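Grab a pencil and work through the exercises below with the model open beside you. Try each task before you read its solution.

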Amino acid sequence: MSMKQRIILAATTLLPEHFVETIKSHRRPDRKHLLAWDGTSVQSDAERFLSSRIVADQIDGMLSPFSMAAMDSVLSLQASNPEISGNVVEFGTYKGRSAAIMAPHIRPSEKLVLVDVADYLEVEKIRAIHANTEFVRCGSEEFCSRYPDYKQLRKNCRFVHVDSNHAYRTTFQEMKICDALLSPGGVAVFDDYTNLNYSQVLPAIYKYMYTANTDLVVFMVTDVKAYLCRKRYLNYYLSFVLQGALPSMTARGVEDVIISRTDWDREYRAIYLRTREPGETGPHYGQEIYGRLYEGP
Ligand SMILES: C[S@@+](CC[C@H](N)C(=O)[O-])C[C@H]1O[C@@H](n2cnc3c(N)ncnc32)[C@H](O)[C@@H]1O
């Protein structure tokens with residue numbers, strides 16, 4: 001046990017409980033860790049999104065307009081940062097609806113790798129958006145052994161969208177693959193995170209996070225998806241959610257959005273992005289009670 005841990009243990013054992021609670025209540029995000037968000041390209045990014053949406057809407061699939069806008073906002077953020085580079089991978093492509101949203105963001109030097117157990121995808125439609133697109137027909141579980149250039153993708157992917165069968169063991173395996181693939185600034189997005197018809201997705205994700213030696217953390221959740229990044233980039237992505245998520249969603253035509261954060265802990269700092277409920281106003285859920293939690297990442 002370190003000296004710091006000993007002092008904390010002694011303090012929590014010796015001090016009266018209410019005193020400890022008072023100290024704890026001073027834990028809060030620090031404004032000085034908020035990284036500036038450059039919103040100058042919001043309108044032009046949103047205009048490009050509206051063209052991608054027209055293509056995506058013509059492809060049968062499950063991705064909602066909200067998820068399209070949220071994923072597109074994160075991809076636009078990455079595109080504005082030259083430090084964040086790498087390939088884009090999707091497990092569970094179906095006919096390519098989500099791929100049509102991701103493809104326009106991919107730089108000429110980057111590859112889009114689409115993986116599915118079945119052959120539903122009309123790959124030429126996606127290649128018309130990004131020429132360097134590959135379709136791999138296999139289960140995500142066997143991707144490492146089936147994809148010949150797997151080694152080149154390791155730690156070299158900036159965005160991985162996981163939308164396959166949502167089985168417990170598959171999801172656990174997909175966390176492991178994301179951990180192997182993501183570059184330092186990369187983001188992994190897990191679909192049906194809060195869909196309790198697939199309640200196994202949550203325990204599979206957290207089993208991996210709490211038992212594997214990983215630096216993956218959740219930075220944003222929506223009604224459908226969880227967005228994960230590496231700890232080193234947590235302040236970066238949280239700063240974006242706090243400042244840029246709402247204007248980015250609004251510019252993409254998703255009105256009435258709000259963010260919600262009701263706790264801030266060294267171990268968990270994710271923010272919920274959703275549409276407002278009837279009667280809700282303002283950009284933050286529970287501003288009067290939790291206002292200080294929105295001040296920094
Ligand atoms: C919900 S759909 C994907 C929807 C798609 N992302 C979209 O935007 O429309 C799920 C897809 O996962 C595929 N799938 C199922 N099990 C899989 C696995 N183990 N690995 C990869 N793909 C899988 C299915 O064939 C199906 O096409």
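A residue counts as near the ligand if one of its heavy atoms lies within 4 Å of it. Keep in mind that this is a predicted model.

**Exercise 1. Find which residues come nearest to the ligand, and which polar contacts they and others make with its nitrogen atoms.**

Step 1. Start with the surroundings: there are 19 residues around the ligand, and Gly92, Ser98, Asp116, Ser140 and Asp163 come nearest.

Step 2. Now look for polar pairs, which are N or O atoms within 3.5 Å. Ser140 uses its backbone: a polar atom there sits 2.8 Å from a nitrogen atom of the ligand.

Step 3. Side chains join in too. Asp163 places a polar side-chain atom 2.8 Å from a ligand nitrogen, and for Glu141 the corresponding distance is 3.2 Å.

**Exercise 2. Work out whether the length of helix α3 fits its number of residues, and where its buried residues sit.**

Step 1. Count and multiply. Helix α3 runs over residues 42–57, which is 16 residues, and at 1.5 Å a residue it should span 22 Å. The expected span takes one less than the number of residues, so don't multiply by the full count.

Step 2. Compare. The C-alpha atoms at the two ends of α3 are 22 Å apart, so the model agrees with the expectation.

Step 3. List the buried residues of α3: Val42, Asp45, Ala46, Phe49, Ser52 and Ala56. Around the axis they cover an arc of only 115 degrees, so they lie on the same side of α3.

Step 4. Turn to the face pointing away from that buried side, and you'll meet the exposed residues Gln43, Glu47 and Ile54.

Step 5. Ask what the buried side packs against: the partners are α4, α5 (97–102) and α12 (245–251).

**Exercise 3. Decide whether Asp72 and Arg252 are buried or exposed, and trace what they touch.**

Step 1. Place them. Asp72 belongs to helix α4, while Arg252 is in the loop between α12 and β8 (257–260).

Step 2. Apply the cut-off: buried means under 20% relative accessible area. Asp72 has 1%, so it counts as buried. Arg252 has 4%, so it is buried as well.

Step 3. Check the contacts, skipping residues up to four places away in sequence. Asp72 touches Asp45, Phe49, Ile101, His105 and Arg252. Arg252 is in contact with Asp72, and also with Asp45, Ala46, Phe49, Leu50, Ala69, Ser73 and Ser76.

Step 4. Add a polar pair: a polar side-chain atom of Arg252 lies 3.0 Å from the backbone oxygen of Ser248.

**Exercise 4. Describe the largest nonpolar core and name the helix that gives the largest share of it.**

Step 1. A general idea helps here: in soluble globular proteins, nonpolar side chains tend to be buried together.

Step 2. In this model the largest nonpolar core has 50 residues, and Phe159, Phe219, Tyr227, Tyr237 and Leu273 have the most contacts inside it. Its largest share, eight residues, comes from helix α4 (residues 65–79).

Step 3. There is also a second, separate core of 33 residues, and Tyr147, Phe190, Met209 and Leu216 are among them.

Step 4. Zoom in on Tyr227. Leaving out neighbours within four places in sequence, its contacts include Ser67, Ala70, Met71, Val74 and Phe219.

Step 5. Then try Leu77, which is found in helix α4. Its relative accessible area is 8%, so it is buried. Apart from residues up to four places away in sequence, Leu77 touches Trp37, Tyr236, Tyr237 and Phe240.

**Exercise 5. Find where Tyr94 and Asp256 sit, and say what their phi angles are like.**

Step 1. Tyr94 is in the loop between β1 (87–91) and α5, and Asp256 is in the loop between α12 and β8.

Step 2. Read off phi. Tyr94 has a positive value of about 50 degrees, although it is not a glycine. Asp256, likewise not a glycine, has a positive phi near 60 degrees.

Step 3. Finish with accessibility. Tyr94, at 24%, is partly exposed, and Asp256, at 46%, counts as partly exposed too.

Definitions and conventions:
Residues numbered from 1 in each chain as written. Predicted model: local features only at pLDDT ≥ 70, side-chain atom pairs only at ≥ 80, totals over all residues. Heavy atoms only, no water. Core = buried A, V, L, I, M, F, W, Y, C linked by side-chain atoms within 4.5 Å. Buried < 20%, exposed > 50% of the residue type's maximum accessible area, 1.4 Å probe, protein only. Helix = DSSP H or I, 4+ residues; strand = E, 2+ residues; numbered from the N terminus. Contact = heavy atoms within 4.5 Å. Arc of directions from axis to C-beta. Polar contact = N/O pair within 3.5 Å; in protein donor to acceptor, adjacent residues only side chain to side chain.
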